[in-house]
Amino acid sequence: MPSLQSVISCLSDYDPSALPVAQANRIIADVVEPVSGIEQVAIRAALDRVLAEDVVSPLDVPAHDNSAMDGYAFASAALQAASGGEVTLRVIGTALAGEAHGLVPAAGEAVRIMTGAVMPAGCDTVIPQEFTQRVAQGAGETAGDTAGETVRFAADAVRAGDNRRLRGEDLARGKPALKQGRVLQPADLGLLASLGIAEVKVRRRLRVAFFSTGDELRSIGEPLDAGCVYDSNRYTLHGMLRRLHVDLIDMGVVRDDPAALEAALRSACENADAVITSGGVSVGEADYTRQIMAELGDVTFWKIAMRPGRPMAFGRIASNGHQALLFGLPGNPVAVMVTFYHFVRAALHRMMGADIAPPPLMRVRSAQAIRKKPGRTEYQRGILARGADGQWEVRITGQQGSGVLRSMSEANCFIVLGHEQGGVAAGDPVEVMLFEGLL
Ligand code: AMP
Ligand code: MG
(Lines give C-alpha, C1' and ligand atoms only; values in the text may rest on other atoms or scores of the structure.)
(Ligands and ions follow the chains in the order given, each with its own letter.)
Protein backbone atom coordinates (compact mmCIF):
# COMPACT_ATOMS: atom_id res chain seq x y z
CA MET A 1 0.00 0.00 0.00
CA PRO A 2 1.34 3.45 -0.86
CA SER A 3 2.07 5.66 2.14
CA LEU A 4 0.26 8.91 2.63
CA GLN A 5 3.54 10.78 2.50
CA SER A 6 4.49 9.30 -0.85
CA VAL A 7 1.08 10.20 -2.32
CA ILE A 8 1.13 13.73 -0.94
CA SER A 9 4.71 14.41 -2.00
CA CYS A 10 3.67 13.96 -5.66
CA LEU A 11 1.27 16.91 -5.44
CA SER A 12 2.71 20.29 -6.37
CA ASP A 13 -0.09 22.41 -4.92
CA TYR A 14 -0.82 20.50 -1.71
CA ASP A 15 -2.13 22.71 1.07
CA PRO A 16 -3.53 20.75 4.03
CA SER A 17 -5.03 23.91 5.50
CA ALA A 18 -7.25 24.62 2.47
CA LEU A 19 -7.54 21.33 0.65
CA PRO A 20 -10.09 21.23 -2.20
CA VAL A 21 -12.60 18.36 -1.98
CA ALA A 22 -11.46 16.86 -5.27
CA GLN A 23 -7.83 16.77 -4.16
CA ALA A 24 -8.70 15.14 -0.82
CA ASN A 25 -10.64 12.47 -2.69
CA ARG A 26 -7.72 11.88 -5.07
CA ILE A 27 -5.34 11.37 -2.16
CA ILE A 28 -7.79 8.99 -0.45
CA ALA A 29 -8.28 6.99 -3.65
CA ASP A 30 -4.51 6.66 -4.10
CA VAL A 31 -3.96 5.42 -0.56
CA VAL A 32 -6.92 3.03 -0.22
CA GLU A 33 -6.70 -0.51 -1.60
CA PRO A 34 -9.19 -3.38 -1.64
CA VAL A 35 -8.96 -5.86 1.22
CA SER A 36 -8.33 -9.50 0.38
CA GLY A 37 -10.55 -12.38 1.41
CA ILE A 38 -13.18 -14.20 -0.60
CA GLU A 39 -16.08 -16.40 0.41
CA GLN A 40 -18.56 -18.53 -1.49
CA VAL A 41 -22.24 -17.89 -0.76
CA ALA A 42 -25.63 -19.06 -2.03
CA ILE A 43 -27.11 -16.57 -4.47
CA ARG A 44 -29.89 -15.46 -2.10
CA ALA A 45 -27.21 -14.53 0.45
CA ALA A 46 -25.25 -12.67 -2.22
CA LEU A 47 -27.62 -9.68 -2.41
CA ASP A 48 -25.64 -6.44 -1.84
CA ARG A 49 -22.36 -8.38 -1.71
CA VAL A 50 -19.45 -7.60 -4.01
CA LEU A 51 -18.77 -10.16 -6.71
CA ALA A 52 -15.15 -11.37 -6.40
CA GLU A 53 -14.75 -12.81 -9.91
CA ASP A 54 -16.40 -12.53 -13.31
CA VAL A 55 -19.31 -14.91 -13.80
CA VAL A 56 -19.00 -16.44 -17.26
CA SER A 57 -22.24 -17.72 -18.69
CA PRO A 58 -22.18 -21.56 -18.91
CA LEU A 59 -25.10 -21.55 -21.36
CA ASP A 60 -27.07 -19.54 -23.84
CA VAL A 61 -30.12 -17.78 -22.42
CA PRO A 62 -32.52 -18.40 -24.00
CA ALA A 63 -31.26 -21.81 -25.01
CA HIS A 64 -33.29 -21.82 -28.26
CA ASP A 65 -34.78 -19.30 -30.62
CA ASN A 66 -38.32 -18.92 -29.28
CA SER A 67 -41.49 -17.00 -29.79
CA ALA A 68 -42.12 -13.67 -28.05
CA MET A 69 -45.87 -13.86 -28.80
CA ASP A 70 -48.81 -16.21 -29.05
CA GLY A 71 -49.39 -16.58 -32.80
CA TYR A 72 -48.15 -18.49 -35.82
CA ALA A 73 -44.55 -19.22 -36.72
CA PHE A 74 -43.56 -19.36 -40.36
CA ALA A 75 -40.66 -18.75 -42.76
CA SER A 76 -40.54 -15.09 -43.86
CA ALA A 77 -40.16 -16.16 -47.51
CA ALA A 78 -43.98 -16.32 -47.41
CA LEU A 79 -44.06 -12.53 -46.96
CA GLN A 80 -42.05 -11.85 -50.12
CA ALA A 81 -44.16 -14.41 -52.01
CA ALA A 82 -47.34 -12.55 -51.03
CA SER A 83 -45.79 -9.20 -52.14
CA GLY A 84 -47.94 -6.95 -49.95
CA GLY A 85 -51.15 -8.92 -50.33
CA GLU A 86 -52.49 -11.66 -48.10
CA VAL A 87 -50.59 -14.64 -46.75
CA THR A 88 -52.44 -17.91 -46.32
CA LEU A 89 -50.69 -20.79 -44.55
CA ARG A 90 -51.75 -24.29 -43.58
CA VAL A 91 -51.33 -24.97 -39.83
CA ILE A 92 -49.56 -28.27 -39.19
CA GLY A 93 -49.66 -28.34 -35.39
CA THR A 94 -49.14 -26.45 -32.12
CA ALA A 95 -45.88 -25.64 -30.33
CA LEU A 96 -46.23 -25.18 -26.56
CA ALA A 97 -43.58 -23.68 -24.25
CA GLY A 98 -41.37 -26.28 -22.64
CA GLU A 99 -41.78 -29.08 -25.18
CA ALA A 100 -39.54 -30.39 -27.93
CA HIS A 101 -42.28 -30.42 -30.54
CA GLY A 102 -40.15 -31.29 -33.58
CA LEU A 103 -42.60 -29.65 -35.97
CA VAL A 104 -41.04 -28.71 -39.32
CA PRO A 105 -43.38 -26.73 -41.58
CA ALA A 106 -42.75 -26.77 -45.31
CA ALA A 107 -43.32 -23.83 -47.68
CA GLY A 108 -46.92 -22.65 -47.35
CA GLU A 109 -47.21 -24.04 -43.83
CA ALA A 110 -47.17 -22.55 -40.30
CA VAL A 111 -47.12 -23.74 -36.70
CA ARG A 112 -49.46 -22.36 -34.06
CA ILE A 113 -47.01 -21.20 -31.35
CA MET A 114 -47.22 -20.02 -27.74
CA THR A 115 -44.95 -17.46 -26.05
CA GLY A 116 -41.64 -19.07 -25.07
CA ALA A 117 -42.12 -22.13 -27.30
CA VAL A 118 -39.14 -23.23 -29.39
CA MET A 119 -39.23 -21.78 -32.94
CA PRO A 120 -39.84 -24.60 -35.43
CA ALA A 121 -36.92 -25.39 -37.74
CA GLY A 122 -36.92 -23.10 -40.79
CA CYS A 123 -39.19 -20.47 -39.18
CA ASP A 124 -37.91 -16.96 -38.44
CA THR A 125 -41.08 -14.93 -37.90
CA VAL A 126 -44.17 -15.03 -35.71
CA ILE A 127 -47.42 -13.31 -36.65
CA PRO A 128 -49.30 -12.46 -33.44
CA GLN A 129 -52.67 -14.19 -33.34
CA GLU A 130 -54.62 -10.90 -33.10
CA PHE A 131 -53.54 -10.04 -36.67
CA THR A 132 -54.73 -13.34 -38.09
CA GLN A 133 -57.90 -14.94 -39.23
CA ARG A 134 -58.29 -18.63 -38.71
CA VAL A 135 -60.09 -20.52 -41.38
CA ALA A 136 -61.22 -23.92 -40.16
CA GLN A 137 -61.20 -26.77 -42.65
CA GLY A 138 -64.18 -29.03 -42.59
CA ALA A 139 -66.10 -29.35 -39.31
CA GLY A 140 -65.48 -25.89 -37.80
CA GLU A 141 -63.17 -24.79 -35.00
CA THR A 142 -62.14 -27.14 -32.27
CA ALA A 143 -60.15 -25.53 -29.46
CA GLY A 144 -56.65 -26.95 -29.10
CA ASP A 145 -56.56 -28.97 -32.25
CA THR A 146 -55.28 -26.64 -34.94
CA ALA A 147 -53.93 -29.15 -37.41
CA GLY A 148 -55.78 -28.98 -40.67
CA GLU A 149 -56.92 -25.35 -40.46
CA THR A 150 -55.40 -22.45 -42.34
CA VAL A 151 -54.44 -19.02 -41.11
CA ARG A 152 -54.67 -15.77 -43.08
CA PHE A 153 -53.11 -12.36 -42.47
CA ALA A 154 -51.98 -9.21 -44.30
CA ALA A 155 -48.35 -9.51 -45.41
CA ASP A 156 -47.61 -5.98 -44.11
CA ALA A 157 -48.80 -6.82 -40.57
CA VAL A 158 -45.36 -8.21 -39.75
CA ARG A 159 -41.73 -7.96 -40.91
CA ALA A 160 -39.26 -10.78 -41.35
CA GLY A 161 -37.74 -11.75 -37.97
CA ASP A 162 -40.46 -10.11 -35.86
CA ASN A 163 -41.47 -11.62 -32.52
CA ARG A 164 -38.65 -14.09 -32.45
CA ARG A 165 -36.25 -14.13 -29.47
CA LEU A 166 -32.83 -15.30 -30.52
CA ARG A 167 -30.88 -17.97 -28.76
CA GLY A 168 -28.34 -16.35 -26.40
CA GLU A 169 -29.76 -12.84 -26.89
CA ASP A 170 -30.07 -12.37 -23.10
CA LEU A 171 -26.79 -14.09 -22.14
CA ALA A 172 -24.37 -15.71 -24.54
CA ARG A 173 -22.45 -18.80 -23.47
CA GLY A 174 -18.77 -18.06 -22.69
CA LYS A 175 -19.34 -14.31 -22.26
CA PRO A 176 -19.10 -12.59 -18.84
CA ALA A 177 -22.62 -12.28 -17.50
CA LEU A 178 -21.53 -10.26 -14.44
CA LYS A 179 -18.22 -8.54 -13.81
CA GLN A 180 -16.21 -8.73 -10.60
CA GLY A 181 -16.75 -5.66 -8.44
CA ARG A 182 -20.46 -5.72 -9.14
CA VAL A 183 -22.57 -5.10 -6.05
CA LEU A 184 -25.24 -7.72 -6.61
CA GLN A 185 -28.75 -6.37 -7.15
CA PRO A 186 -32.09 -8.22 -7.27
CA ALA A 187 -31.89 -8.52 -11.08
CA ASP A 188 -28.44 -10.13 -10.76
CA LEU A 189 -29.77 -12.85 -8.44
CA GLY A 190 -32.38 -13.70 -11.06
CA LEU A 191 -29.78 -13.56 -13.81
CA LEU A 192 -27.55 -16.02 -11.92
CA ALA A 193 -30.56 -18.27 -11.37
CA SER A 194 -31.34 -18.15 -15.10
CA LEU A 195 -27.88 -19.60 -15.67
CA GLY A 196 -28.49 -22.37 -13.14
CA ILE A 197 -25.76 -20.97 -10.85
CA ALA A 198 -26.39 -21.72 -7.15
CA GLU A 199 -23.39 -20.05 -5.50
CA VAL A 200 -20.98 -17.22 -6.24
CA LYS A 201 -17.67 -15.98 -4.88
CA VAL A 202 -17.95 -12.64 -3.10
CA ARG A 203 -15.52 -10.44 -1.23
CA ARG A 204 -15.57 -10.82 2.51
CA ARG A 205 -17.49 -8.17 4.34
CA LEU A 206 -15.59 -5.11 5.46
CA ARG A 207 -15.31 -4.57 9.22
CA VAL A 208 -15.73 -0.99 10.32
CA ALA A 209 -15.26 0.20 13.91
CA PHE A 210 -16.55 3.57 15.02
CA PHE A 211 -16.78 5.68 18.15
CA SER A 212 -17.56 9.20 19.27
CA THR A 213 -15.17 11.39 21.21
CA GLY A 214 -15.93 14.27 23.54
CA ASP A 215 -16.39 14.74 27.27
CA GLU A 216 -19.70 16.56 26.66
CA LEU A 217 -21.31 13.49 25.09
CA ARG A 218 -23.86 11.39 26.90
CA SER A 219 -25.35 8.14 25.70
CA ILE A 220 -29.08 7.46 25.54
CA GLY A 221 -30.29 6.43 29.00
CA GLU A 222 -27.77 8.60 30.83
CA PRO A 223 -28.85 11.86 32.49
CA LEU A 224 -28.14 14.90 30.36
CA ASP A 225 -25.89 16.99 32.64
CA ALA A 226 -25.61 20.76 32.18
CA GLY A 227 -23.69 21.61 29.02
CA CYS A 228 -23.91 18.06 27.66
CA VAL A 229 -25.49 16.67 24.49
CA TYR A 230 -26.63 13.22 23.55
CA ASP A 231 -24.27 11.43 21.20
CA SER A 232 -26.10 11.37 17.86
CA ASN A 233 -23.14 10.75 15.53
CA ARG A 234 -22.88 7.09 16.45
CA TYR A 235 -26.45 6.61 15.32
CA THR A 236 -26.15 8.40 12.00
CA LEU A 237 -22.90 6.50 11.40
CA HIS A 238 -24.62 3.24 12.29
CA GLY A 239 -27.35 4.02 9.76
CA MET A 240 -24.99 5.13 6.99
CA LEU A 241 -22.69 2.14 7.47
CA ARG A 242 -25.58 -0.33 7.55
CA ARG A 243 -26.57 0.87 4.09
CA LEU A 244 -23.08 -0.11 2.88
CA HIS A 245 -23.57 -3.66 4.20
CA VAL A 246 -20.40 -3.70 6.28
CA ASP A 247 -19.92 -5.43 9.64
CA LEU A 248 -20.17 -2.83 12.38
CA ILE A 249 -18.22 -2.54 15.60
CA ASP A 250 -19.86 0.20 17.67
CA MET A 251 -17.38 1.21 20.38
CA GLY A 252 -19.53 3.79 22.13
CA VAL A 253 -18.37 7.15 23.47
CA VAL A 254 -14.70 7.54 24.34
CA ARG A 255 -13.64 10.22 26.79
CA ASP A 256 -11.10 12.95 25.97
CA ASP A 257 -8.45 11.06 27.82
CA PRO A 258 -5.16 9.95 26.27
CA ALA A 259 -5.19 6.44 27.72
CA ALA A 260 -8.84 5.84 26.83
CA LEU A 261 -8.35 7.18 23.29
CA GLU A 262 -5.25 5.11 22.70
CA ALA A 263 -6.92 1.95 23.99
CA ALA A 264 -9.98 2.58 21.79
CA LEU A 265 -7.95 3.31 18.65
CA ARG A 266 -5.74 0.26 19.18
CA SER A 267 -8.68 -2.04 19.75
CA ALA A 268 -10.48 -0.62 16.71
CA CYS A 269 -7.36 -1.02 14.59
CA GLU A 270 -6.84 -4.63 15.69
CA ASN A 271 -10.44 -5.64 14.97
CA ALA A 272 -11.45 -3.65 11.92
CA ASP A 273 -10.37 -2.73 8.40
CA ALA A 274 -11.42 0.87 8.87
CA VAL A 275 -11.95 3.09 11.89
CA ILE A 276 -14.26 6.09 11.92
CA THR A 277 -14.30 8.56 14.78
CA SER A 278 -16.18 11.80 15.23
CA GLY A 279 -15.09 14.89 17.10
CA GLY A 280 -11.81 16.23 18.37
CA VAL A 281 -10.07 16.87 15.05
CA SER A 282 -10.59 20.61 14.71
CA VAL A 283 -7.63 22.93 15.03
CA GLY A 284 -7.11 24.34 18.49
CA GLU A 285 -9.21 21.60 20.02
CA ALA A 286 -8.28 21.16 23.68
CA ASP A 287 -8.31 17.41 23.51
CA TYR A 288 -6.01 14.52 22.77
CA THR A 289 -7.63 12.90 19.76
CA ARG A 290 -5.25 14.38 17.18
CA GLN A 291 -2.19 13.67 19.24
CA ILE A 292 -3.04 10.00 19.80
CA MET A 293 -4.05 9.47 16.16
CA ALA A 294 -0.73 10.91 15.01
CA GLU A 295 1.20 8.70 17.42
CA LEU A 296 -0.46 5.53 16.16
CA GLY A 297 0.29 5.90 12.49
CA ASP A 298 0.56 7.78 9.24
CA VAL A 299 -2.21 10.33 9.77
CA THR A 300 -2.70 13.77 8.31
CA PHE A 301 -5.00 16.52 9.53
CA TRP A 302 -6.82 18.50 6.91
CA LYS A 303 -8.81 21.63 6.76
CA ILE A 304 -10.90 20.94 3.70
CA ALA A 305 -12.20 23.79 1.59
CA MET A 306 -15.80 22.77 2.09
CA ARG A 307 -18.88 23.53 4.11
CA PRO A 308 -19.90 21.86 6.28
CA GLY A 309 -17.10 19.51 7.32
CA ARG A 310 -13.88 21.47 7.34
CA PRO A 311 -11.61 19.52 9.72
CA MET A 312 -10.85 15.88 9.01
CA ALA A 313 -8.12 13.39 9.88
CA PHE A 314 -7.18 10.76 7.36
CA GLY A 315 -4.55 8.06 7.27
CA ARG A 316 -3.60 4.65 8.48
CA ILE A 317 -2.98 3.52 12.02
CA ALA A 318 -1.18 0.41 13.24
CA SER A 319 -1.28 -1.62 16.43
CA ASN A 320 0.28 -4.98 17.24
CA GLY A 321 0.86 -5.87 13.61
CA HIS A 322 -2.64 -4.83 12.49
CA GLN A 323 -3.38 -1.92 10.22
CA ALA A 324 -6.56 0.04 9.65
CA LEU A 325 -7.64 2.99 7.60
CA LEU A 326 -8.60 5.93 9.77
CA PHE A 327 -11.17 8.63 9.17
CA GLY A 328 -11.34 11.20 11.95
CA LEU A 329 -14.54 13.05 11.09
CA PRO A 330 -15.57 16.40 12.55
CA GLY A 331 -17.85 16.47 15.57
CA ASN A 332 -20.74 18.47 14.22
CA PRO A 333 -23.61 16.14 13.30
CA VAL A 334 -24.21 17.47 9.77
CA ALA A 335 -20.47 17.63 9.07
CA VAL A 336 -20.21 13.94 10.01
CA MET A 337 -22.82 13.00 7.45
CA VAL A 338 -21.47 15.25 4.71
CA THR A 339 -17.88 14.05 5.11
CA PHE A 340 -19.09 10.45 5.26
CA TYR A 341 -20.98 10.73 1.98
CA HIS A 342 -18.33 12.73 0.16
CA PHE A 343 -15.15 10.97 1.34
CA VAL A 344 -15.73 7.87 3.44
CA ARG A 345 -18.38 6.17 1.32
CA ALA A 346 -16.24 5.99 -1.82
CA ALA A 347 -13.19 4.92 0.22
CA LEU A 348 -15.11 2.05 1.82
CA HIS A 349 -16.47 0.99 -1.58
CA ARG A 350 -12.91 0.90 -2.82
CA MET A 351 -11.82 -1.21 0.17
CA MET A 352 -14.71 -3.62 -0.52
CA GLY A 353 -13.61 -3.93 -4.13
CA ALA A 354 -16.97 -2.54 -5.21
CA ASP A 355 -17.16 -0.95 -8.62
CA ILE A 356 -19.62 1.87 -8.03
CA ALA A 357 -19.98 4.99 -10.15
CA PRO A 358 -20.07 8.32 -8.32
CA PRO A 359 -23.62 9.42 -7.57
CA PRO A 360 -25.14 11.34 -10.50
CA LEU A 361 -25.77 15.07 -10.25
CA MET A 362 -29.00 16.52 -11.60
CA ARG A 363 -29.21 20.07 -12.87
CA VAL A 364 -32.35 21.84 -11.69
CA ARG A 365 -33.40 25.39 -11.02
CA SER A 366 -32.93 26.97 -7.62
CA ALA A 367 -36.18 28.31 -6.20
CA GLN A 368 -34.28 30.94 -4.25
CA ALA A 369 -31.06 32.95 -4.11
CA ILE A 370 -28.21 31.15 -2.32
CA ARG A 371 -25.19 32.94 -0.88
CA LYS A 372 -21.87 31.25 -1.57
CA LYS A 373 -18.21 32.29 -1.77
CA PRO A 374 -15.87 30.87 -4.40
CA GLY A 375 -12.98 28.79 -3.07
CA ARG A 376 -14.88 26.04 -1.24
CA THR A 377 -17.40 23.34 -2.05
CA GLU A 378 -20.73 23.58 -0.27
CA TYR A 379 -23.24 20.83 0.36
CA GLN A 380 -26.40 22.64 1.27
CA ARG A 381 -29.36 20.52 2.24
CA GLY A 382 -32.16 20.83 -0.27
CA ILE A 383 -35.69 19.73 -0.98
CA LEU A 384 -36.26 18.85 -4.61
CA ALA A 385 -39.88 19.08 -5.71
CA ARG A 386 -41.95 20.16 -8.69
CA GLY A 387 -42.59 23.89 -8.88
CA ALA A 388 -45.92 25.52 -9.74
CA ASP A 389 -45.11 25.17 -13.45
CA GLY A 390 -44.44 21.44 -13.13
CA GLN A 391 -40.65 21.80 -13.50
CA TRP A 392 -38.28 20.40 -10.88
CA GLU A 393 -36.83 22.98 -8.54
CA VAL A 394 -34.85 22.89 -5.32
CA ARG A 395 -35.02 24.98 -2.19
CA ILE A 396 -32.94 24.98 0.96
CA THR A 397 -34.12 23.34 4.19
CA GLY A 398 -34.08 26.41 6.42
CA GLN A 399 -31.10 26.76 8.73
CA GLN A 400 -27.89 25.34 7.31
CA GLY A 401 -25.73 25.27 10.46
CA SER A 402 -23.44 22.25 10.66
CA GLY A 403 -25.03 21.30 13.97
CA VAL A 404 -28.60 21.41 12.65
CA LEU A 405 -29.28 17.75 11.97
CA ARG A 406 -32.90 18.55 11.11
CA SER A 407 -31.56 20.05 7.86
CA MET A 408 -30.43 16.53 6.82
CA SER A 409 -33.57 14.89 8.08
CA GLU A 410 -35.88 17.20 6.12
CA ALA A 411 -33.80 17.25 2.95
CA ASN A 412 -34.00 14.83 0.05
CA CYS A 413 -30.84 16.02 -1.70
CA PHE A 414 -27.58 17.89 -1.38
CA ILE A 415 -27.34 21.11 -3.36
CA VAL A 416 -23.73 20.82 -4.53
CA LEU A 417 -22.16 24.23 -5.03
CA GLY A 418 -18.78 23.73 -6.69
CA HIS A 419 -15.41 25.00 -5.53
CA GLU A 420 -15.19 27.88 -8.02
CA GLN A 421 -18.84 28.80 -7.94
CA GLY A 422 -20.15 32.04 -6.42
CA GLY A 423 -23.65 32.95 -5.32
CA VAL A 424 -26.78 31.70 -7.04
CA ALA A 425 -29.73 33.87 -8.07
CA ALA A 426 -33.32 32.62 -7.83
CA GLY A 427 -34.09 30.69 -11.02
CA ASP A 428 -30.43 29.83 -11.73
CA PRO A 429 -29.56 26.20 -12.39
CA VAL A 430 -27.78 24.30 -9.59
CA GLU A 431 -26.61 20.72 -9.26
CA VAL A 432 -28.25 18.39 -6.78
CA MET A 433 -27.29 14.92 -5.55
CA LEU A 434 -30.31 12.88 -4.55
CA PHE A 435 -30.27 11.13 -1.18
CA GLU A 436 -32.23 8.24 -2.70
CA GLY A 437 -29.61 5.72 -3.71
CA LEU A 438 -26.96 7.51 -1.65
CA LEU A 439 -28.44 6.98 1.80
P1 AMP B 1 -15.63 18.90 17.95
O2 AMP B 1 -15.30 18.61 16.52
O3 AMP B 1 -15.24 17.79 18.84
O4 AMP B 1 -15.13 20.22 18.35
O5 AMP B 1 -17.22 18.97 18.01
C6 AMP B 1 -17.93 19.99 17.34
C7 AMP B 1 -19.35 20.06 17.84
O8 AMP B 1 -20.02 18.82 17.55
C9 AMP B 1 -19.49 20.29 19.32
O10 AMP B 1 -20.57 21.18 19.52
C11 AMP B 1 -19.81 18.93 19.84
O12 AMP B 1 -20.57 18.98 21.03
C13 AMP B 1 -20.61 18.33 18.73
N14 AMP B 1 -20.47 16.87 18.75
C15 AMP B 1 -19.29 16.22 18.75
N16 AMP B 1 -19.50 14.89 18.75
C17 AMP B 1 -20.85 14.72 18.78
C18 AMP B 1 -21.68 13.57 18.79
N19 AMP B 1 -21.16 12.35 18.81
N20 AMP B 1 -23.03 13.74 18.80
C21 AMP B 1 -23.53 15.00 18.78
N22 AMP B 1 -22.80 16.11 18.75
C23 AMP B 1 -21.46 15.99 18.76
MG1 MG C 1 -14.82 17.73 20.91
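In this predicted model, the largest nonpolar core takes in 52 residues. Ile 276, Phe 327, Phe 340, Leu 348 and Phe 414 are the ones with the most contacts inside it. As for who supplies the core, helix α8 gives the most, with twelve residues. Apart from this core lies another one, made of 21 residues, with Ala 209, Cys 269, Met 293 and Leu 326 among them. For background, nonpolar side chains in soluble globular proteins tend to be buried together.

Helix α8 deserves a look of its own. The helix spans residues 333-352 and isn't straight: at Phe 340 it bends by about 45°. It is also mostly covered, with 18 of its 20 residues buried. Right after α8 comes Gly 353, which has a positive phi, near 80°.

Phe 340 thus turns up twice, as the site of the α8 bend and among the residues with the most contacts inside the largest core. Setting aside neighbours within four places in sequence, Phe 340 touches Leu 237, Met 240, Leu 241, Leu 244, Ile 276, Arg 345 and Leu 348. Two of these partners, Ile 276 and Leu 348, are also on the list of residues with the most contacts in the core.

Then there is the surface. Here Ile 220, Leu 224, Tyr 230 and Tyr 235 make up a nonpolar patch, and together they have about 430 Å² of accessible area. Tyr 235 sits in helix α5, which covers residues 233-242. With a relative accessible area of 42%, Tyr 235 counts as partly exposed, and it clears the cut-off of over 30% that patch residues need.

Key:
Residues are numbered from 1 along each chain as its sequence is written. Chains are lettered from A and ligands numbered from 1 in the order in which they are written. This is a predicted model: local features need pLDDT of at least 70, side-chain atom pairs count only at pLDDT 80 or more; totals for chains, interfaces and linings use all residues. Side-chain values use heavy atoms; hydrogens and water are left out. The bend at a residue is the angle between axes fitted to the seven residues ending there and the seven starting there. Helices (H or I, at least four residues) and strands (E, at least two) are DSSP runs, numbered from the N terminus. Buried means under 20% relative accessible area, exposed over 50%, partly exposed in between (1.4 Å probe, protein chains only). A nonpolar core is a set of buried Ala, Val, Leu, Ile, Met, Phe, Trp, Tyr and Cys residues joined through side-chain atoms within 4.5 Å. Contact means heavy atoms within 4.5 Å. Patches are made of residues with over 30% relative accessible area and no salt bridge: like charges are joined within 9 Å, nonpolar side chains (Val, Leu, Ile, Met, Phe, Trp, Tyr) within 5 Å. Accessible areas come from the Shrake-Rupley method with a 1.4 Å probe; for residues, only the protein chains shown count as cover. A salt bridge is a side-chain nitrogen of Lys or Arg within 4 Å of a carboxyl oxygen of Asp or Glu.
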